[in-house]
Amino acid sequence: NMLYYRRFFPYYTFNLLAGLDEKGVGCCFSYDAIGSYERNEYAATGTGSALMLSILDNQVAHTNQDEKYRRQLSGVEAVDLVKDVLTSAGERDIYTGDYVDIYKIGPAGMESEKFELKFD
């Protein structure tokens, strides 16, 4: 309701919410500017989203790949992929920010890391 009520000003934003559902399974919700949402396996928003989604389609959904290449990423591999995707978007899209906060949820709790995208 908050996003829809303020859809023109001041809250014109696209959000991602990720975490664990009631079964302990990872989930990702993408919200549009008026508060409509969709559960996705992965998502990206912002000016660099088209650049990021093409890599995620290939590396996470394995779009147009043989079955033999499909496998589950480990936590370390997933974080490395996120860093690569964001770095790639930052190189091509001037509006992508200077850093990103990465949060990883696991059995031991939540870990956070600040990852710098640009060094100039």
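Here are a few questions and answers on ring pairs and surface charge in this predicted model.

Q: Why is Glu91 called exposed?
A: Exposed takes a relative accessible area over 50%. Glu91 has 64% relative accessibility, so it counts as exposed.

Q: Where does Glu91 sit, and what makes a negative surface patch with it?
A: Glu91 belongs to helix α3, residues 75–92. Its partners in the negative patch are Asp98, Glu116 and Asp120. Like charges in a patch are joined within 9 Å.

Q: How many aromatic pairs turn up by the ring rule?
A: The count is 2. Phe29 and Tyr37 make an edge-to-face pair, 6.0 Å centre to centre with 70° between the planes. Tyr31 and Tyr37 make a tilted one, at 5.5 Å and 35°.

Q: What makes the Phe29 and Tyr37 pair edge-to-face?
A: Centres have to lie within 6.5 Å, and planes over 60 degrees apart count as edge-to-face. With 6.0 Å and 70°, Phe29 and Tyr37 fit that label.

Q: Why is the Tyr31 and Tyr37 pair called tilted?
A: Stacked needs planes under 30 degrees apart and edge-to-face over 60, so the 35° of Tyr31 and Tyr37 lands in the tilted class.

Q: Which residues do the ring pairs link into a cluster?
A: That would be Phe29, Tyr31 and Tyr37.

Q: Why is Tyr37 called exposed, and why is Tyr31 called partly exposed?
A: Tyr37 has a relative accessible area of 56%, so it passes the 50% cut-off and is exposed. Tyr31, at 23%, is partly exposed because it falls between the 20% and 50% limits.

Methods:
Residues numbered from 1 in each chain as written. Predicted model: local features only at pLDDT ≥ 70, side-chain atom pairs only at ≥ 80, totals over all residues. Heavy atoms only, no water. Patch = residues over 30% accessible without salt bridge, like charges linked within 9 Å, V, L, I, M, F, W, Y side chains within 5 Å. Areas by Shrake-Rupley, 256 points an atom, 1.4 Å probe, with all protein chains shown as cover. Salt bridge = Lys/Arg side-chain N within 4 Å of Asp/Glu carboxyl O. Lys, Arg positive; Asp, Glu negative; His and termini not counted. Charge placed at Lys NZ, Arg CZ, Asp CG, Glu CD. Helix = DSSP H or I, 4+ residues; strand = E, 2+ residues; numbered from the N terminus. Buried < 20%, exposed > 50% of the residue type's maximum accessible area, 1.4 Å probe, protein only.
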